[in-house]
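Please go through the structure shown below and explain the terms used for its contacts and helix packing.

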Amino acid sequence: METLSLKTQVAIIGGGPSGLLLSQLLNRSGVDTVILERTSRERVLARIRAGVLESGTVTMLEEAGVADRLHREGHPHEGCWFSDDDLMVRINFAELTGKTVTVYGQTEVTRDLYAAQDVMGTTILHEVSDVVINNADSATPKITFTHDGNTKQLSCDYIAGCDGFHGVSRRTIPDAKRKEFERVYPFGWLGILSRTRPAHEELIYANSSSGFALASMRNENLSRYYVQVPLTDKVEDWSDDAFWTRLFACLPSDVVKTMETGPSIEKSIAPLRSFVSEPLRWGRLFLVGDAAHIVPPTGAKGLNLAVSDVFYLHQALIYAVQKGDDSGIDAYSGRAMTRIWKSMRFSWQLTTMLHQFDGEDSFAGQMRKAAMLHLAQSDTARKDLAENYVGLPF
Ligand code: RFL
Ligand code: PHB
């Protein structure tokens, strides 16, 4: 059977937020892209994930021309709360950093990006399989894949691996050319979405004698809650009643008093890990977002880090494609990694400060309590947390 051939300047593997945003920014600067996505658009849009956007992320979405609905429907938050049983500490982002974060779901960011890419007329091939990257370390990379029952080949100048943690891009880089760093945490987050009024007008990250919980939201009528669970737990083990009971045990009693409960409309468990593969480049292949690094969700950094990678890479690729200037792509991995490691540290520190570890000694709980008390009493501690939470500069 004949192989169908396609050609583009930048081939993008993965139609999640990083692939779509990179494509949108490149297209707006006149660089041609093709996106290959393993699943359907509906399945990409059905993944309930991130909810908190740093101000730098919002600026990038503005630059990409996809921030109108975000500004209409997103909710700027000037602070968030950390609690330890009944002690509540507010981190006032606006006062401590002059910045805010915006609550706007990843599903909505992705939906806006797909709509913008449709207007742009970008070729996005869904339900592709058998993706193989060839000759990435040469001047003529090629990707072969199956689509609509046909074998196809995409020739390109550069490849952006935006295909998440389970994608093919990272694994294409020979083991001898990259190094992995990993920490797996001995718990996961059980999350639910429910059509209820949020517990509080701002997010609450709760340390408690019953474990960690997070009270978040999407809008005035849609709440997102998480509780820490052992890795062995299954979603089926958790009835809605059991979830609410655990959540109530973790949140401060004043918050629980006025909380609204209702049926969950989504329930899932996400394992927590910190993972980095570096460098982010092999020849003409560049890793972006979750394809290269995973953070535990505690610091709300995953999507935001993917966006800062896109910030560094889109500029670099525009220079390389349009001016033949490789200085940006040569610097990409180093520039992005500096910021990635700082976000890694913040996410790891918050995760350690807020979760109960199985089999921990009696000392560990006291350290968590002392960290909370320090946060309550020290402007400096709150400022450090705020600076990292709203996002370090790009
Ligand atoms: P994605 O979103 O995983 O998208 C990758 C895309 O690539 C496709 N793909 C392939 N396509 C073609 N060929 C292949 N061989 C392919 N293999 C995979 C996949 O189908 C998919 O569409 O990676 P991307 O774009 O780098 O985006 C990263 C973010 O999705 C992720 O970092 C965040 O969701 C993490 N995260 C959070 N980040 C934040 O910034 N703030 C938050 O509040 C936040 N909360 C969260 C989170 C992640 C969570 N989970 C479930 C892990 C909360 C949770 C519970
Ligand atoms: C969410 O709303 O899904 C969310 C918010 C903050 C986090 C993680 C997840 O740190």
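Q: What makes the approach of an oxygen atom of ligand 2 to a polar backbone atom of Arg49 a polar contact?
A: In this predicted model, the two atoms are 3.3 Å apart; a polar contact is a pair of N or O atoms within 3.5 Å, and within protein one must be able to donate a hydrogen and the other to accept it, while residues adjacent in sequence count only if both atoms are side-chain atoms, so the Arg49 pair qualifies. An oxygen atom of ligand 2 also lies 2.7 Å from an N or O atom in the side chain of Tyr205, and one is 3.4 Å from a polar backbone atom of Thr298.

Q: Why are H1 and H10 called roughly parallel?
A: Helix H1 (residues 17–28) and helix H10 (residues 302–323) pack at an angle of about 30°, and angles under 35 degrees count as roughly parallel, over 145 as roughly antiparallel, 65 to 115 as roughly perpendicular and the rest as oblique; H1 and H10 are therefore roughly parallel.

Q: Which residues of H1 and H10 meet?
A: With contact meaning heavy atoms within 4.5 Å, the residues of H1 that meet H10 include Ser18, Leu21 and Leu25, and those of H10 include Leu303, Val310 and His314.

Q: On what basis are these values given?
A: Local features need pLDDT of at least 70 and side-chain atom pairs count only at pLDDT 80 or more, whereas totals for chains, interfaces and linings use all residues. Side-chain values use heavy atoms, without hydrogens and water, residues are numbered from 1 along each chain as its sequence is written, and chains are lettered from A and ligands numbered from 1 in the order in which they are written.

Conventions. Axes are lines fitted to C-alpha atoms, for helices over the stretch in contact, and angles run from 0 to 180 degrees between N-to-C directions. Helices (H or I, at least four residues) and strands (E, at least two) are DSSP runs, numbered from the N terminus.
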